[in-house]
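Reader: I'm new to this one, so could you take me through it step by step? Please explain your terms as you go.

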Amino acid sequence: ARSEKVSALLLARGYGPGQRIGLLARNHVGAIEAMVGVSAIGADVVLLNSRGSAAQLAQVAEQQELVCLIHDEEFVGIVSTVADSVARIGEADLEAELRAMPQPEPLRPPATNGRTIILTSGTTGTPKGAARKTPGGLSPLVSIIERIPLRAKDTILISAPLFHTWGYAALQLSFGVRATMVLQRRFEPARAKLALETYGVNAMFAVPVMLQRMMELPADPGGRERRRRLRVVATSGSAYPHGFTTRFMDEYGEVLYNLYGSTEASWVCIATPADMRRHPSTAGTPPLGTTVRILDEDGREVPPGAIGRIFCGNSLVFDGYTSGGSKEFVDGLVSTGDMGHVEDGLYFVDGRDDDMVISGGENVYPLEVESLLAEHPAVRECAVVGVPDEEFGQRLAAFVVVRPGATLTGEEVRDYVRTHRARHCIPREVVLLDELPRTTTGKILARELRARFR
């Protein structure tokens, strides 16, 4: 009923099919009401990153040709940088108008359906809009629940941001199984863990870094009994540190499911608890209705064990960027931008296809070194990137966050790698940081790390 009021308000202001309305909001009921209300009038809803800068927001608003921007009150300062031609509706004003408005007559379906436009994470620059297809049936839902055991009328905690592909997918899946949704505006590890117990949560949707922060909470031997209804913890958005999946399941039970995908390709593979017990760092296997191929530079499939480029196809591959660009396609399959291989019937991601570092003629994937450093007992988290080098073309730089109470030096980091890997894997630069720069969904902002060496 409140969503219908949002629709009536927007129609009264002259908005309708073919226009784009931005939503800058955290996870709360009002955000969902706005999404549904915008879609019901045939307009496109553009989901905006709540951690984007004012400059990024202004640029995205211009690129996406927004006519209106609905926003939470906390973002008043940021939205002020958007062009004056974009109308603004703040959370407090919207709430006041909805309370005063009588319930409108039932809406007629719009002449054209509105789309949801999700922005890419922006780890390599300004976020791009990727238009999501409207599912033509139940096959996308079946693809997910065939692998991730959601049930009708589950209680689902959605911690992943709703503006992100994974949080938005959790919203759609929750609608599909008639779930009760639990939302918290901000993720805090202790509050999320408490919510699992307080509301008898059956499933949680999160991004990996959220689980990492939950695992840093004090040990809780009796917690599994209080969370006995928890059947699924489903994550996506970034890679886990080496060995983390096993540690998490040892504490929370066989509940962890990790989806590898991208804004452009939707889902690619899903790893089940059994998959990750076999190989903790696997991406799993393609779910029902999804085709995945590992191809070489000439578009030919590589043999098992060989590293190649990952291409994927399913019913929700994006229609192209709203700016008019697209990703590379081969035989109807879209590039994920990642390198990977198949081993023991499971798929693995070896890094971005543009992340490979050629140092002194040797090929190195930073992920290999990151996985090793993550095993060091003093390392809380780390990132390894390639930076320019006048002599070798490129060199590795490691950025390390040390666990509280532990000590570690750059030379100790290099000695550790030297002991376990070939010489060309040793990072020539080691930078100790208090925290790594990340997007809201936990992806590390490699460009900010590389910028230190320009």
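Author: Let me begin with a term: two strands pair if DSSP finds at least two bridges between them. Helices (H or I, at least four residues) and strands (E, at least two) are DSSP runs, numbered from the N terminus. This is a predicted model, in which local features need pLDDT of at least 70, side-chain atom pairs count only at pLDDT 80 or more, and totals for chains, interfaces and linings use all residues. Residues are numbered from 1 along each chain as its sequence is written, and side-chain values use heavy atoms, with hydrogens and water left out.

Reader: OK, in which sense do strand 7 and strand 9 pair?

Author: Strand 7 (residues 155-158) and strand 9 (residues 203-206) run in the parallel sense, joined over three bridges. Within that pairing, I158 has F205 of strand 9 opposite.

Reader: And what is the order of the strands in the open sheet?

Author: The open sheet has six strands in the order 8-7-9-10-11-12, with mixed pairing. Strand 8 (180-183) and strand 12 (266-271) each have a single partner strand, so they form the edges and one side of each lacks a neighbour in the sheet.

Reader: Changing topic, how many salt bridges are there in the whole structure?

Author: A search of the whole structure gives 34 salt bridges, where the term means a side-chain nitrogen of Lys or Arg within 4 Å of a carboxyl oxygen of Asp or Glu. One of them joins R13 to E97, with the closest N and O atoms 2.6 Å apart. R13 sits in the loop between helix 1 (2-12) and strand 1 (20-24) while E97 belongs to helix 5 (residues 91-100), so this pair ties together parts 84 residues apart in sequence.

Reader: Which class of accessibility does R13 count as, and what about E97?

Author: R13 counts as partly exposed at 38% relative accessibility, and E97 is also partly exposed, at 31%. Here buried means under 20% relative accessible area, exposed means over 50%, and partly exposed lies in between (1.4 Å probe, protein chains only).

Reader: What about R438 and E381, buried or exposed?

Author: Both R438 and E381 are buried, and their side chains meet in a salt bridge at 2.7 Å, N to O. R438 is in the loop between strand 22 and helix 15 (446-450) and E381 is in strand 20, so the pair connects parts that are 57 residues apart in sequence.

Reader: Which residues are linked in a network of salt bridges?

Author: The network of salt bridges links K193, E197, D220, R226, R227 and E251.

Reader: Now the empty space: how much lies in the second largest pocket?

Author: The second largest pocket holds about 630 Å³ of space. On a 1 Å grid over the protein atoms alone, a cavity is a set of points where a 1.4 Å probe fits but cannot get out, whereas a pocket is an open set with protein on both sides within 12 Å along at least five of seven lines, and lining residues have an atom within 4 Å of a point. Grid points are joined across faces, edges and corners, and a volume is the space filled by probe spheres set on the points.

Reader: Which element gives the most to the lining of that second largest pocket?

Author: Helix 9 gives the most to the lining of the second largest pocket, with three residues.

Reader: And how many cavities of 30 Å³ or more are there?

Author: The structure has three cavities of 30 Å³ or more, and the second largest cavity holds about 50 Å³ of space. Its lining includes L23, R26, M35 and F163.
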